[in-house]
Amino acid sequence: MAGLAINQGVITGNISGFYDESRARSNTPVSVGKNGSTRLNFSIAHNVSIYSNETRDYKDEAHFFDLTVWGKMAEFLAKELVMGQQVTIGFSLRQDSWETENGKRSKIQLRVESVVPGRKPNGKQEAVGEPVDPNTIPF
């Protein structure tokens with residue numbers, strides 16, 4: 001008997017980089033996938049404070065997550081997001097697997113379903129792409 005499986009989450013962090021499909025940092029991270037759909041690759045840093053009994057103090061740790069957004073959402077976000085900007089990401093989990101010469105490999109990916117842009121860092125109002133007219137937002 002199958003139980004209830006919840007495969008969704010929300011995470012908030014700051015944009016820590018834009019990159020192309022080769023994983024190189026990029027100022028123009030928008031590309032076109034094999035199916036002709038627009039793709040935007042970026043990563044976020046999510047900070048967690050962990051209490052240490054030894055030092056009796058909190059230590060901040062940064063956790064990094066790679067994200068890919070497709071289609072009209074990618075086109076819109078490429079024009080709006082900037083480095084350091086806070087974003088809230090709604091996602092589902094997906095496990096991809098593939099074969100290499102060293103055997104089977106797999107990776108859990110966050111499949112982006114929604115992005116809520118947050119505050120931009122002081123003085124950083126310039127986005128990666130062209131400005132967008134809010135009346136043309138497709139979603």
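Val82 sits in the loop that connects α1 and β5. In this predicted model, Val82 has a relative accessibility of 3% and counts as buried. The C-alpha atoms of Val82 and Pro117 are 9.7 Å apart in space. In sequence, 35 residues separate Val82 from Pro117.

Gln85 is also placed in the loop between α1 and β5. Its relative accessibility is 1%, so Gln85 is classed as buried, the limit being 20%. The Gln85 side chain reaches the backbone oxygen of Gly118 at a distance of 3.0 Å. Leaving aside residues up to four places away in sequence, Gln85 touches Gly13, Asn14 and Ile15. Glu80 is a further neighbour of Gln85. The contact list of Gln85 also includes Pro117, Gly118, Arg119, Lys120 and Pro121. Gly118 thus appears twice around Gln85: as a residue touched by Gln85, and as the owner of the backbone oxygen reached by the Gln85 side chain.

The overall fold can now be set out. The protein chain holds one helix and six strands. Along the sequence, the order is β-β-β-β-α-β-β. Of the 139 residues in the protein chain, 29% count as buried. Among contacts with a separation of 6 or more, 64% involve residues 24 or more positions apart.

Strand pairing involves β5 on two counts. β1 and β5 run antiparallel and are joined by seven bridges. Within this pairing, Ile11 has Ile89 of β5 as its bridge partner. β5 also pairs with β6, again in the antiparallel sense, over 14 bridges. Here Leu93 is matched with Leu110 in β6. β5 and β6 make a hairpin, with two residues between the strands.

The largest nonpolar core contains 20 residues. Within this core, Phe42 and Ile89 touch the most other members. At least two core residues come from each of β1 (8-18), β3 (38-52), β4 (57-70), α1 (71-80), β5 (86-100) and β6 (103-117). α1 supplies the largest share, five residues. Ile89 therefore has two roles in this description: it is one of the two core residues that touch the most other members, and it is the bridge partner of Ile11.

Phe42 has a relative accessibility of 0% and counts as buried. Residues up to four places away in sequence are again not counted among its contacts. Phe42 touches Ile15, Gly17, Phe18 and Tyr19. Phe42 also touches Phe65, Asp66, Leu67 and Val69. Leu81 and Ile89 complete the list for Phe42.

Two aromatic pairs are found in a search of the whole structure. One of them joins Phe18 and Phe42 in a tilted arrangement. The ring centres of Phe18 and Phe42 are 6.3 Å apart, and the planes stand at 45°. The pair links distant parts of the chain, with Phe18 in strand β1 and Phe42 in strand β3, 24 residues apart. Phe18 has a relative accessible area of 5% and is buried. Both rings thus belong to buried residues, because the relative accessible areas of Phe18 and Phe42 fall under 20%.

Polar groups were examined next. Thr38 belongs to strand β3. With a relative accessibility of 12%, Thr38 counts as buried. The side chains of Thr38 and Glu75 make a polar contact at 3.0 Å. Beyond residues up to four places away in sequence, Thr38 touches Val30, Ser31, Val69 and Trp70. Gly71, Ala74 and Glu75 are also touched by Thr38. Val69 is touched by Thr38 and by Phe42.

Side chains of opposite charge can pair when their charged atoms come close. The whole structure yields one salt bridge. Arg94 and Asp96 form a salt bridge, with their closest N and O atoms 2.5 Å apart. How buried or exposed are the partners, Asp96 and Arg94? Asp96, at 18% relative accessibility, counts as buried. Arg94, at 38%, counts as partly exposed. The two classes follow because the limit for buried is under 20% and that for exposed is over 50%.

Key. Residues numbered from 1 in each chain as written. Predicted model: local features only at pLDDT ≥ 70, side-chain atom pairs only at ≥ 80, totals over all residues. Heavy atoms only, no water. Core = buried A, V, L, I, M, F, W, Y, C linked by side-chain atoms within 4.5 Å. Buried < 20%, exposed > 50% of the residue type's maximum accessible area, 1.4 Å probe, protein only. Helix = DSSP H or I, 4+ residues; strand = E, 2+ residues; numbered from the N terminus. Contact = heavy atoms within 4.5 Å. Salt bridge = Lys/Arg side-chain N within 4 Å of Asp/Glu carboxyl O. Phe/Tyr/Trp six-rings, centres within 6.5 Å; stacked < 30°, edge-to-face > 60°. Polar contact = N/O pair within 3.5 Å; in protein donor to acceptor, adjacent residues only side chain to side chain. Pairing = 2+ DSSP bridges.
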